Amino acid sequence: AAGGDGTYTGDAAETRWGTVQVEITVANGKITNSDAVQYPTGNGRDQQINAYAVPILNSEVVQAQSATIDAVSGATVTSDGYLQSLQSAIDAAHLG
């Protein structure tokens, strides 16, 4: 069954580089937005990788309407954490 409209925040996923947490916005049973509200920024490398990877992950979620998206090359740890948190947000929204 489709979930209610609103914003759902996934569980924080702990990765070896830091916490990743995803928030999705749902309207009419569809994911209209996905955003990493928390991700590793502890050093310049993290900032560089995630500045590139997070927007790609965000847009892939909206396109796929699910957590079945590809990890971003070079950002595997962030991608894994992102998918983990995303799945819990989708579960909370009862979209699964």
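**Helix α1, the β3–β4 hairpin and two buried residues**

The buried residues of α1 are Asp46, Ile49, Asn50, Ala53, Val54, Leu57, Asn58 and Val61. Bear in mind that this is a predicted model.

Reader: What do the buried residues of α1 pack against?
Author: Start with the buried set itself, which includes Ile49, Ala53 and Leu57. An α-helix has 3.6 residues a turn, so residues three or four places apart point the same way. For α1, the partners of that buried set are β4 (30-38) and α2 (76-92).

Reader: Where is the kink in α1 centred?
Author: End to end, α1 (residues 44-64) reaches 30 Å from its first C-alpha to its last, close to the 30 Å expected. There's still a kink of about 30° along the way. One of the buried residues of α1 sits at its centre: Asn50.

Reader: Which residue caps the N-terminal end of α1?
Author: Look for a side-chain oxygen that reaches the backbone nitrogen of Arg45; here one lies 2.9 Å away. At the other end, α1 is followed by Gln65, with a positive phi near 60°. The N-terminal cap comes from Asn43.

Reader: How many bridges pair β3 and β4, and in which sense?
Author: These two strands form a hairpin with 2 residues between them, and Asn28 in the turn has a positive phi of about 55°. One of the pairings puts Gln21 opposite Gln38 in β4. The sense is antiparallel, and the count is 7 bridges.

Reader: Is Val22 buried or exposed?
Author: Val22 lies in strand β3. Leaving aside neighbours within four places in sequence, its contacts include Tyr8, Ala36, Tyr82, Leu86 and Ala89. Buried means under 20% relative accessible area, and Val22 comes in at 0%, so the verdict is buried.

Reader: How far apart are the C-alpha atoms of Val22 and Pro40?
Author: Along the chain, Val22 and Pro40 are 18 residues apart. Pro40 isn't among the contacts listed for Val22, which include Ser34 and Asp35. Between the two C-alpha atoms the separation is 12 Å.

Reader: Which backbone oxygen lies 2.8 Å from a polar atom of the Ser85 side chain?
Author: Ser85 is in helix α2, and it is buried, with a relative accessible area of 0%. Not counting residues up to four places away in sequence, Ser85 touches Gly10, Asp11, Ala13, Val20, Gln21 and Val22. Of these, the residue whose backbone oxygen lies 2.8 Å from that side chain's polar atom is Asp11.

How values were computed
Residues numbered from 1 in each chain as written. Predicted model: local features only at pLDDT ≥ 70, side-chain atom pairs only at ≥ 80, totals over all residues. Heavy atoms only, no water. Helix = DSSP H or I, 4+ residues; strand = E, 2+ residues; numbered from the N terminus. Buried < 20%, exposed > 50% of the residue type's maximum accessible area, 1.4 Å probe, protein only. Contact = heavy atoms within 4.5 Å. Expected span 1.5 Å × (residues − 1). Bend = angle between axes of the 7 residues up to and from the residue. Polar contact = N/O pair within 3.5 Å; in protein donor to acceptor, adjacent residues only side chain to side chain. Pairing = 2+ DSSP bridges.
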